[in-house]
Amino acid sequence: MSLRFHEIAESRHRILNPFTDDKLDTLGEICRPGAGTRVLDLACGKGELLARWSARYGVQGTGVDISDVFLDAAAARAAELGVSDRVGFARADAAEYAEGAEKGAYDVVSCMGATWIGGGLAGTLDLMRPLLREGGLILVGEVFWNAVPTPEAAEALHADPEACPSLADTAEAMEAAGYDLLDMVLANADSWDRYVASQWWTVSDWLRDNPGDPDAPGLREFLRKGRRAHLEFGRRYLGWGVFVLRPSLP
Ligand SMILES: C[S@@+](CC[C@H](N)C(=O)[O-])C[C@H]1O[C@@H](n2cnc3c(N)ncnc32)[C@H](O)[C@@H]1O
């Protein structure tokens, strides 16, 4: 799936996952970051977590992403909230950035909705851990399954039918990776709709404004298939949440 399609479809979003503003705020209230808390947000999208937490709590930090379009929006959002002196953004592959980043330097390391950066949940948790300062928190946003999908549902949602963990399986995988699960904020049907359904109007407008663009046929198909998959299967089968973790004691 093309990054450009996401850049177009999510051009009016601030949060690029099934979270609404209030859910992101709830996450902040749970984590209670203090002024000066150092955050590294891997696959940060438009940087809403960093910019908002910096404005509200005074956190500082860095967001990393591969999309120039999203990073430009992140920098603009930081400027809008008056926090450009405390948060910055880097264009890089998140795994490579994590590899080269200062170890033990961050109070919070987050990756919300992009665990492919480490080849899956366990691999992503492994690459985040060395970056954490003693007593720090990991925030990981991850999909889980509300029911075992039919083969048709798994295919429509681009999932391996053999790897569709439930919420409880996901929690166990986090514990098995060496973390204590401290809390979580979950998406619900409404917040999924805000993420997915609110892309339809954006894409419809883009297709009207750019009928001759070489990407128009592909984007039309992306809209058609994505809408069908969401309505028929996604709303029933897919869960998503941000999980608050800390390394388990040895
Ligand atoms: C589902 S969005 C989540 C964005 C953000 N965390 C949020 O919650 O708003 C996934 C993000 O991962 C970024 N991305 C995809 N592959 C990446 C990679 N290898 N390294 C860094 N960012 C990546 C995309 O550009 C996109 O911004």
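In this predicted model, the largest nonpolar core has 34 residues, and Phe19, Leu27 and Leu139 touch the most other members. Quite a few elements chip in: helix H2 (21–31), helix H3 (48–57), helix H9 (189–196) and helix H11 (216–237) each supply at least two residues of this core, and so do strand E4 (106–112), strand E5 (132–145) and strand E7 (238–247).

Take a look at Phe19. Which residues is Phe19 in contact with, once its neighbours within four places in sequence are left aside? The list runs through Leu24, Leu27, Val185, Leu186, Ala187, Trp240 and Val242. Leu27, then, turns up both as a contact of Phe19 and as one of the residues touching the most other core members.

There's also a second, separate core, made of 26 residues, and it includes Tyr106, Ala114, Ile138 and Phe144.

Now for the ligand. There are 19 residues around it, with Leu16, Asn17, Ala43, Asp65 and Ala94 coming nearest. That shell is made up of 13 nonpolar residues, four polar ones and two charged ones. Here are some polar pairings between ligand and protein:

| Ligand atom | Protein partner | Distance |
|---|---|---|
| oxygen | N or O atom in the side chain of Asn17 | 2.4 Å |
| oxygen | N or O atom in the side chain of Asp65 | 2.6 Å |
| nitrogen | polar backbone atom of Ala94 | 2.9 Å |

How much of the ligand's surface does the protein bury? Taken alone, the ligand exposes 600 Å², and the protein buries 89% of that.

How values were computed
Residues are numbered from 1 along each chain as its sequence is written. This is a predicted model: local features need pLDDT of at least 70, side-chain atom pairs count only at pLDDT 80 or more; totals for chains, interfaces and linings use all residues. Side-chain values use heavy atoms; hydrogens and water are left out. A residue is near a molecule or strand if one of its heavy atoms lies within 4 Å of it. A polar contact is a pair of N or O atoms within 3.5 Å; within protein, one must be able to donate a hydrogen and the other to accept it, and residues adjacent in sequence count only if both atoms are side-chain atoms. Accessible areas come from the Shrake-Rupley method with a 1.4 Å probe; for residues, only the protein chains shown count as cover. Ala, Val, Leu, Ile, Met, Phe, Trp, Tyr, Cys and Pro count as nonpolar, Asp, Glu, Lys and Arg as charged, and the others, Gly among them, as polar. A nonpolar core is a set of buried Ala, Val, Leu, Ile, Met, Phe, Trp, Tyr and Cys residues joined through side-chain atoms within 4.5 Å. Buried means under 20% relative accessible area, exposed over 50%, partly exposed in between (1.4 Å probe, protein chains only). Helices (H or I, at least four residues) and strands (E, at least two) are DSSP runs, numbered from the N terminus. Contact means heavy atoms within 4.5 Å.
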